[in-house]
Amino acid sequence: MLITGHLRQIVNACHPQTREEAVQLWHSITPVRFGDRHQWANSPGSFQQLAAYAVPDDAAFLLVLKTECYTFTDTATAPGFRAFEPSPTGVAQWTTSQDQSLTTSTPITESVPIHLITEANGEFLMVKGGLTLFLAATLSAPPDANVRFIRTTVYGYLINAIISDRLGTGETLITGANS
Amino acid sequence: MKFPTRIMTGDKVGAAWAGPYLTPYAEAIAEHYTIRTPWFSTLPITLGVPPKRLVLLTKPLQNDVLILGFQAQGNAAQLPFVYLQVEHTSTGIPWAAPNVLPGVPLSAISGLNSNAMPNLKLPEAFFMPAGTQLRLEWNTLGQPSIASYAALLLTLIGIQLTNPIDGSSPRTVRMPNGRDIPVGSRVPLFMTMGVGNRQSLATYFLSNSQQRIQYLPPIACDVEIHDLSTNMVSAAFGIGTGATGVSNLQVKTTVMGVERQWTPNFAPVTSLFGGPGGAAGAATQIFPAMPYTMPYVLPAGRRIKVAVNNSSITATFTQGLLTFRCVRLCEY
């Protein structure tokens with residue numbers, strides 16, 4: 001029910017005056033869930049894609065509301081085999097690109113400690129139609145030599161221009177630092 | 001019993017050529033003249049090496065004309081990748097909806113001479129008053145890779161209207177539902193979307209096993225959807241059977257912003273969309289544009305969501321295009 005809950009929150013946040021308006025808003029939203037599974041590469045400092053989605057041209061905006069990310073090892077003999085571990089260590093940021101290329105993408109958030117991006121239950125970011133959204137991380141080395149995978153899930157919602165007009169002022173600022 | 005519909009005319013004969021029938025709107029205009037003559041006007045177009053942008057104006061005509069359809073003569077394998085924007089210079093209303101692509105694929109607006117049905121009717125006849133012109137903007141892109149486009153001929157097909165019964169062109173016509181509408185308030189509209197991710201400025205790619213959701217642009221007026229065309233019904237994409245065939249593609253359409261307007265399942269793309277089809281250099285299909293199940297009125301400001309599903313685990317599609325052929329209902 002997470003997605004229907006999100007839908008309800010989006011509609012309520014638009015403050016519809018009538019039931020008809022609420023119905024119109026509700027039916028103008030398309031939920032999109034996306035994310036990647038990648039091996040946690042043992043190459044500290046490398047730039048790694050954790051999730052990507054090309055927002056359709058006439059979608060107006062993609063609204064990102066929640067991100068989940070965890071790591072695990074699939075090596076049967078490794079300690080913590082298939083146990084959920086937190087996001088990988090490092091920094092992460094959201095970037096967008098006009099040509100679907102991570103390397104040519106432009107950051108839309110700071111590069112911050114990764115938990116600020118990947119453990120976000122109240123994310124509120126908007127991405128314009130036609131752009132590709134990337135969740136990109138610069139990772140530290142894994143804690144040991146066992147192969148680890150990173151799984152990321154992003155809960156996004158394609159919204160129309162009416163909704164984005166009403167909610168756009170609420171975009172999140174994400175800031176922080178490692179020490 | 002009067003059929004309860006908001007559609008002002010419908011299109012009695014579908015929008016494929018289907019014989020010398022006129023839409024009620026066209027018929028009402030034609031009846032305003034005592035002399036009606038079949039009319040053909042052919043324009044040569046040389047596009048050559050892509051990318052190319054070319055603007056041509058049709059000659060101003062001495063008499064009023066009803067343009068009913070188009071035919072293009074050229075290399076049928078290339079024509080789906082020639083993009084055409086049409087604009088009446090007096091009104092400035094574009095026929096292709098504003099979108100990433102610079103117009104409508106020629107195979108979706110015009111019949112191809114080698115097709116089983118070489119002429120393609122417009123979704124609605126276009127009334128072109130004497131002395132006015134059409135602005136034709138041609139574009140070719142870099143995808144798919146075509147070294148040089150063969151010369152083509154575009155023929156506008158219609159009826160020349162001479163000697164109006166009251167000495168001047170009609171300002172309004174009466175539709176079958178008894179309503180009088182201004183002449184010029186029903187204009188062809190073509191809404192084209194690429195299938196898949198936009199990889200560069202106007203190159204689309206749908207990967208194997210991929211699903212995409214895309215939207216048509218919202219239009220400021222009500223729009224009647226009449227028929228649907230795709231360049232993917234062609235040998236380049238393997239119409240018919242097999243792992244690489246277009247039969248692996250399914251689509252689902254939804255009208256956004258309203259209740260009870262959704263489709264519960266995917267349908268094969270060929271059940272909704274017609275196309276030129278055939279092997280390279282030829283075109284074989286009877287329906288270059290498949291008539292919709294009924295002329296469907298899309299309310300102003302609403303968008304159609306199209307979900308495309310590639311069920312093949314191996315086949316990919318490059319520069320697949322879907323075109324909704326419509327009538328724009330605006331009264332200016």
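## Reading cysteines, strands and burial

Visitor: Start with B:Cys221. Does its relative accessibility make B:Cys221 buried or exposed?

Guide: Buried means under 20% relative accessible area. B:Cys221 has 7%, so B:Cys221 counts as buried. Keep in mind that this is a predicted model.

Visitor: Which cysteine forms a disulfide with B:Cys221?

Guide: Look for cysteine sulfur atoms within 2.5 Å of each other. Here the partner is B:Cys330, and the two sulfur atoms lie 1.4 Å apart. In sequence, the two cysteines are 109 residues apart, and the pair links distant parts of the chain. B:Cys221 sits in the loop between strand 15 (211-215) and strand 16 (222-230) of chain B. B:Cys330 belongs to the segment after strand 22 (321-329) of chain B.

Visitor: What is the handedness of the link between B:Cys221 and B:Cys330?

Guide: Read the angle about the S-S bond. For this pair it is -75°, and the link is left-handed.

Visitor: Is the partner, B:Cys330, buried or exposed?

Guide: Apply the cut-off again. B:Cys330 has 9% relative accessibility, so B:Cys330 counts as buried.

Visitor: How many disulfides are there over all chains?

Guide: The count is 1.

Visitor: Why is the sulfur of B:Cys326 not in a bond with that of B:Cys221?

Guide: Check the distance. B:Cys221 holds the closest cysteine sulfur, but it is 12 Å from the sulfur of B:Cys326, too far for a bond. B:Cys326 is also buried, at 0% relative accessible area. In chain A, A:Cys14 is buried at 4%.

Visitor: Now strands. Which strands of chain A pair with strand 4 of chain A?

Guide: Count the bridges, then read the direction. Strand 4 and strand 8 (residues 125-128) of chain A are antiparallel, over 4 bridges. There, A:Leu62 faces A:Val127. Strand 4 also runs antiparallel to strand 10 (residues 148-159) of chain A, with 12 bridges. In that pairing A:Cys69 stands opposite A:Thr152.

Visitor: How many residues of strand 4 of chain A are buried?

Guide: Go residue by residue. Strand 4 spans residues 61-73, and 10 of its 13 residues are buried. The strand is mostly covered.

Visitor: Back to chain B. What is its secondary structure?

Guide: Chain B has 3 helices and 22 strands. Of its 332 residues, 55% are buried. Next, sort the contacts by sequence separation. Among those between residues at least 6 apart, 81% join residues at least 24 apart.

Visitor: What share of the accessible surface of chain B belongs to carbon and sulfur atoms?

Guide: The share is 56%, out of about 13,300 Å².

How values were computed: Residues numbered from 1 in each chain as written. Chains lettered and ligands numbered in written order. Predicted model: local features only at pLDDT ≥ 70, side-chain atom pairs only at ≥ 80, totals over all residues. Heavy atoms only, no water. Buried < 20%, exposed > 50% of the residue type's maximum accessible area, 1.4 Å probe, protein only. Contact = heavy atoms within 4.5 Å. Areas by Shrake-Rupley, 256 points an atom, 1.4 Å probe, with all protein chains shown as cover. Pairing = 2+ DSSP bridges.
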